[in-house]
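Colleague: I would like to understand the terms used for this structure. Could you take me through a few of them?

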Amino acid sequence: MKIIRFPFAAPLQSWGEDARWDTRSTAVRPTKSGIIGFLGCCLGYPRGDERLNRLNAELNVAIRMDRPGQILTDFQTVQGTGGIFMNAEGKNRTGGGTIITPKQYLQDAWFTVYLQGDKSLLEECLDAMRHPRWTPYLGRKNCVPSVPVIPELIDAETLEDAVTCFSDADRKHCEESIAVEIDLHAGNVTGNTERIYYRNDNVLHAERNEYSPRLVKNYVISSGGDRI
Amino acid sequence: MLIEIHMLKNYPPVNLNRDDSGAPKTCFFGGVQRGRISSQCLKRSWRTSDTFHELNNFGVRTRSMPELVGKRLKELGVGKDYVDLAVRKLTGIANKDGTENKKGNITTQIVIYSNEEIERIAQAVKAAIEEDGDIKTFTKRSPKEFDKLRSCAEDKPVTADIALFGRMVTSPYLADVDAAMQVAHAISTHAVNRESDYFTAVDDLINAGDDESGAGMIGDVDYNSCCYYEYASIDTDVLRDNLKNCEDREELIEKLVPVLIKTMAYTNPSGKQNTFAGQVLPDMVMVECKKDKIPLSYVNAFEEPVSAWGSKPNLVMNSMKKFTDHVDCMDTAYELPVLHRAYFAPRFADQKPARCDEYKQFSALTGACAGWLKEDDPK
C-alpha cells in the first residue's frame, strides 16, 4: 500500500491534547487532530470545515519518535491596560493586572509522521504540502520547522513495516530506541510488548474544541528496525 | 508568497526577556542550553516601537472605546445627554451578557480598534439617535442592540498591526483575525550559562563609622550575552486577505514589509534596558521570498552550538559561517522554491550564501524586498 511520510522537527513544537485554562500543556507527541490541522492548513480548509472530519476518518496515522525531546514551560504574561483586568462578572479581577499564561513546548524533538489512506487522497495531501495554501506550522505559529516538511510517497505492506525503515539520513538524528505510536484499527493487536490506550484527538469540531477518543498502540523499536 | 526574514543579532550582557525567576529565558536546542527571547516579547517590542509606527495605520488596544466614541459623537454635534447615555450603553459591547459595565465607562474586554472602526460605531450610534428622535426611546435601546448596530464585523477594515499579528476576541461582533506573521522564539547560536550581577545600593549619606555601615540594599540581577538567530515570516496572501476592507491595500502592503524589516532590525526588547542598555543592530539580515509556502528556519545551522569561548576569529563570524553553509546545504538538498534571496552583512562581507543578491546598504535591501511584492500573484 501507499504511505506518505514527513518530518516534524523544530526547536520548539507544541501539540495540545488536554490543554485548557491558563497553562497550555503539550502532549509528548503530535496529536492526530494536530496532524489533520496541519494538512488542513496546506489544503486551505478553515477551522471547523467538514472536510477535516473526512480527512480524519480516511487517514490512518503512525508517529515515530525519532528524538523525543524535553518539555519546556515558557513563562508568558498578558498585561491589562492600566493594570486592571475584569472578570466575567465585570468586577476587577483579584490578583492584579497581569495574567500568567504558561505555555508548554517540546524542545529538540523530531517526529516522523506516516499517513496511510487512499492513493488519490495521499496524492492530494502530497501536492498540498508541496504547495501549501497557508503557511503551516507545528502546533503554534511560533513553531517554525527546522527541516522542510516535504513528504515522500513510499510503498509498504503495512504502517508497521513503513515505520521500521530507517534511511542513513534518518539514523543521523535518531536515538537508539525509538517509540512508535500507531492507530490501532490500522494494525493488529499482537504480542504483549504493546501498550494500548486512548488519545483524545480524533477531530470532531476543532473550533468548538470537540474531539473523540482514538485507540492507539505504542511499542519500542531499535534504529535497526527491530522490536524491543 | 511567503517572505522569510532571518537575522543574527549579537547582544552585550542584557536581560531582555525573563522567566518567573527573573533570569533570562532559556531552552534546550541540540541538547545544549541556549539563551532565548520569546516570540511574544519580540512581537510586542515591534508592535509598540516608533519605527513600526512610521506606517501611521494603527489600532489602539483599549477598553476605553465608549469614551472614544463619545468624543467623536460630540464632534458630530450630538447632544450631551445622548452622548452620556450612548457611552454607558457601549460599555456592554463585547460582553457576553450584554449588560452595561458597572465599573466605569469601559468595556469588559480589551480589544484593538482602528480609527475607522471607532468612526463606524459613532456613525451607527448617531443614526440610531436620529431614528429614535427622543431621549426616552433611545434610553430603551439595550447594549445588545448596539452590538447589532455594529454587526458589520465582516466588512470592518483592520489595521496593519492587527493584520500582521492577529486578534482574538470572544464576542461574536468583532471578527477574529488570523495573524499573517509567524515569529519564532529567538535562540542563541551558542551555549549559554546564567550569569549574575551582585549589586549593592550604597546610601549617599549614612557612612561607615555610623551605627549602620555597609550597603543600604543588596540584590542580584541575572543576565547573559547572546548572539541570537531570529526568524519571522509573512504570508502575503493572508495579509492581503486580512486587509481586504482597507482602501489603498496594495500601497499599504508595499510600505508595510520594508517598515517591518526595519523595525525588526532597529528594535530591541525593553527588558532591563535601563540597567544594561543593550541596543544593537543585526550583523546579518537575510530576506527570502518563496512562491510555495514551505517555511524553513535555518536554526539547524546552530544545532551543534558555535563555540562561544576562544571563538576564532569571533563568535559572530563563526555563527555566520555555520549559517551560510547551512543555507547552501538546504538549498542544494531540497531545491527550495526560493524566488529571491537578499543578503546584508556589513561587517563580514566575504561570508555569504552561494545564491543571493548582496546589498551593501540596509535601505537598499528593504527597497528590494518592497519590489518583490509587485510580482506577487494574489491567490
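Modeller: Let us talk about cavities first and then about a helix. This is a predicted model, where local features need pLDDT of at least 70, side-chain atom pairs count only at pLDDT 80 or more, and totals for chains, interfaces and linings use all residues. Residues are numbered from 1 along each chain as its sequence is written, chains are lettered from A and ligands numbered from 1 in the order in which they are written, and side-chain values use heavy atoms, with hydrogens and water left out.

Colleague: What makes a space a cavity?

Modeller: On a 1 Å grid over the protein atoms alone, a cavity is a set of points where a 1.4 Å probe fits but cannot get out. The structure holds five cavities of 30 Å³ or more, and the largest has a volume of about 90 Å³.

Colleague: Which residues line the largest cavity?

Modeller: Lining residues have an atom within 4 Å of a point. Among them are A:Pro11, A:Leu12, B:Tyr229 and B:Tyr231.

Colleague: How do you know the expected span of helix α1 of chain A?

Modeller: The expected span is 1.5 Å times one less than the number of residues. Helix α1 (residues 32–43) of chain A has twelve residues, so it should span 16 Å, and its end C-alpha atoms are 16 Å apart, which agrees.

Colleague: Why is α1(A) called mostly covered?

Modeller: Buried means under 20% relative accessible area (1.4 Å probe, protein chains only). Eleven of the twelve residues of α1(A) are buried, including A:Ile35, A:Phe38 and A:Leu39.

Notes:
On a 1 Å grid over the protein atoms alone, a cavity is a set of points where a 1.4 Å probe fits but cannot get out, and a pocket is an open set with protein on both sides within 12 Å along at least five of seven lines; lining residues have an atom within 4 Å of a point. Grid points are joined across faces, edges and corners, and a volume is the space filled by probe spheres set on the points. Helices (H or I, at least four residues) and strands (E, at least two) are DSSP runs, numbered from the N terminus. Buried means under 20% relative accessible area, exposed over 50%, partly exposed in between (1.4 Å probe, protein chains only).
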